[in-house]
Amino acid sequence: FPLLSTSIQTKMVNEGKSLAEALLSAKAEGRLTAGVYECAKIMNADPDSVSFCLLATDDFECDIALQIHFTLIQAFCFDNDISIVRVNDLKRLNALVGAKGQLEDAHCVLITNPAEDSWEDPALEKLHMFCEESRSYNEWVPEITLPER
């Protein structure tokens with residue numbers, strides 16, 4: 001098993017690049033939602049529109065209410081076949097998804113599906129495959145490391 005975890009760690013770095021690309025293209029296309037409550041509203045109103053979910057914390061963060069929200073969001077994603085990952089660099093994620101100089105509540109970020117007539121994002125496809133592969137190793141919410149700027 002040690003070889004397995006090394007290959008998964010290498011993959012996590014590669015997937016970090018894909019995640020950054022997917023976030024930036026979804027942001028540019030207006031398919032990005034940030035914030036626990038905003039994401040919950042979309043999941044409740046139209047779960048089929050959600051393509052990907054990202055949960056973010058800093059390592060030192062231990063907000064019990066946030067952990068409860070995360071548990072509920074994870075359960076919802078599992079029930080609705082939504083790919084879900086964790087990142088542990090809230091600051092870096094904020095830099096990617098927030099407006100310039102503005103901090104978003106990036107603890108939860110959703111990417112919604114592209115319009116019917118547009119192409120599927122290749123970076124997002126790669127992430128879906130990574131999540132599927134991780135689940136086969138019983139890694140239900142894999143962690144991805146975002147690349148440095």
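This passage looks at one helix and its packing, an aromatic pair and a surface patch. The structure is a predicted model, in which local features need pLDDT of at least 70 and side-chain atom pairs count only at pLDDT 80 or more, while totals for chains, interfaces and linings use all residues. Residues are numbered from 1 along each chain as its sequence is written, and side-chain values use heavy atoms, with hydrogens and water left out.

Helix H2 spans residues 36-45, and its buried residues are Val-36, Cys-39 and Met-43. Here, buried means under 20% relative accessible area, exposed over 50%, and partly exposed in between (1.4 Å probe, protein chains only). Helices (H or I, at least four residues) and strands (E, at least two) are DSSP runs, numbered from the N terminus. The buried residues cover an arc of only 70° around the axis, so they sit on the same side of H2; the arc is that of the directions from the helix axis to the C-beta atoms. Turned away from this side is a face with the exposed residues Tyr-37, Lys-41, Asn-44 and Ala-45. The buried residues of H2 pack against strands S1 (32-34), S2 (50-56) and S4 (108-112), as well as H3, with contact meaning heavy atoms within 4.5 Å.

Rings of Phe, Tyr and Trp (its six-membered ring) pair if their centres lie within 6.5 Å, with planes under 30 degrees apart counted as stacked, over 60 as edge-to-face and the rest as tilted. This rule gives one aromatic pair. Phe-78 and Trp-140 meet edge-to-face, at 6.3 Å centre to centre and 70° between the planes. The pair links distant parts of the chain, 62 residues apart: Phe-78 lies in helix H3 and Trp-140 in the segment after helix H5 (122-136). Phe-78 is partly exposed, at 36% relative accessible area, and Trp-140 is partly exposed at 45%.
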